[in-house]
Amino acid sequence: MKSSKIFIEKKLEERRLAGNYRTLKPGNALVDFCSNDYLGFAHSAVLKNKIDEEIKNNGLISNGSTGSRLLTGNSAYTEDAEHHIAALHNSEAGLIFNSGYDANLGLFSSLPQRGDTIITDELIHASIIDGCRLSYANRYAFKHNDLQSLEDKLKQAKGNRYVAIESVYSMDGDTPPIDQVLELIEKYNANLIVDEAHAVGLHGFGLIDEQFQNRVFARVVTFGKALGCHGAIILGSNLLKDYLVNFARSFIYTTAASYHQIASVKMAYQLLQGSAGEIESLRYNVKLFKQKIKSNYAYPLINSDSMIQCLVLKSNKKAKDVAGRLQNEGLDVRPILSPTVPTGSERIRICLHSFNTEDEITLLTDTINKLINAE
């Protein structure tokens, strides 16, 4: 016990000395430039009323699902919701998981087998990395959005080949050249898996849904970003769904989502179908921010056309300092520190929303411009 305590204390002290010690913080009254609530659904009275009506009209009175979906936690309502969501994404089938993390963990740990190969972008989400670690497949990472690096890894691949990318990267906000990635995938007879967590909302039902759904092996869509709820769905073939029901441990061995959670997601999709105005406002705010911000060579702005905008400040200390000053101005911007991002790429990550006003964005950009250009 004593040696374990010493180990824990030592590791935490190392974090403190490195300037990346993490703590939990409650909510605040600052202007939101931090959350993934891109369209404002998480605080939408309209969505809350829709959920309440849905539950009332369907007599959904159970507080919990009571078990895993393979035992007592399944329902016709959940299955209908899966069919409905899959149809909206032009997918043959979908399987709901309790979170995006659970979805990626289940998919990547169960599908690739010993002798197979998983190739991921080097900036892929931690949940996919963890899923790959639980697999017995060979694993490679290619340079971010680098087609030559991807092809080099595809040439080395053996067995069934799976390539994983995000359609909008969570920490950079950029988008890969999906059409060119697919050309390579098809050239080497591989399978593309796309995490669409941050694309849904700004791009309607996602970037893959708009153009490439028939050429993608599987998609992961999460409900906790623009949809303002919680959970995720893996979209793909009926065959893939049946496989995951039988082999994805993060689906099999967990209590299913409650009726309320499923109803919330279903109503969020309904609201998304009528949210052209909110999506247009979000796109306008992205353009406004990019027009007003002034990055420089010392502190570059990562090239992104999404609502995720990142100013690279290159050290934990600088990122925390700039974030702190913005918070003092009433603006909720958080630092992203190493090891969450590679050392030297520490940053402030700015999330824009449909509900941010021009005055708020102007205050944000003016404050940043003064801070980074005063040196």
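These legends go with an overview and several close-ups of a predicted model.

**Figure 1. The whole protein, helices and strands together.** Expect 14 helices and twelve strands here. The radius of gyration is 21 Å, close to the 21 Å that the globule rule gives for 375 residues, so the protein is as compact as a globular protein of that length. If you're setting up a box, the C-alpha trace spans about 60 × 55 × 55 Å along its principal axes. As for how the chain packs against itself, take the contacts between residues at least 6 apart in sequence: 71% of them join residues at least 24 apart.

**Figure 2. Inside, outside and the charges.** Of the 375 residues, 53% are buried. The accessible surface adds up to about 18000 Å², and carbon and sulfur atoms own 51% of that. On the charge side, there are 41 positive and 43 negative charges, and the mean positions of the two sets sit 7 Å apart.

**Figure 3. Cysteines without a bridge.** A disulfide is a covalent bond between the sulfur atoms of two cysteines. How many disulfides does the count come to? It comes to zero with a cut-off of 2.5 Å between cysteine sulfur atoms. Cys-229 shows the point: its nearest cysteine sulfur belongs to Cys-351 and is 18 Å away, so with that 2.5 Å limit Cys-229 is in no disulfide. Cys-229 is also buried, at a relative accessible area of 18%. Cys-132 is buried too, with a value of 5%; buried here means under 20%.

**Figure 4. A cis peptide bond at Pro-339.** Zoom in on the step from Ser-338 to Pro-339 and you'll find a cis peptide bond, with omega near 15 degrees. Pro-339 sits in the loop that runs between strand 11 (334-336) and strand 12 (347-351).

**Figure 5. Thr-66 and its positive phi.** Thr-66 isn't a glycine, yet its phi is positive, at about 80 degrees. Look for Thr-66 in the loop between helix 2 (45-58) and helix 3 (76-88). Is Thr-66 buried or exposed? With a relative accessible area of 63%, Thr-66 is exposed, since the bar for that label is over 50%.

**Figure 6. Asn-189, another non-glycine with positive phi.** Here phi is near 55 degrees, a positive value in a residue other than glycine. Asn-189 belongs to the loop between helix 7 (178-187) and strand 6 (191-195). A relative accessible area of 64% makes Asn-189 exposed.

Technical notes:
Residues are numbered from 1 along each chain as its sequence is written. This is a predicted model: local features need pLDDT of at least 70, side-chain atom pairs count only at pLDDT 80 or more; totals for chains, interfaces and linings use all residues. Side-chain values use heavy atoms; hydrogens and water are left out. Helices (H or I, at least four residues) and strands (E, at least two) are DSSP runs, numbered from the N terminus. The radius of gyration is taken over C-alpha atoms; the globule rule is 2.2 Å times the number of residues to the power 0.38. Buried means under 20% relative accessible area, exposed over 50%, partly exposed in between (1.4 Å probe, protein chains only). Contact means heavy atoms within 4.5 Å. Accessible areas come from the Shrake-Rupley method with a 1.4 Å probe; for residues, only the protein chains shown count as cover. Lys and Arg count as positive and Asp and Glu as negative; His and the chain ends are not counted. The place of a charge is taken as NZ of Lys, CZ of Arg, CG of Asp or CD of Glu.
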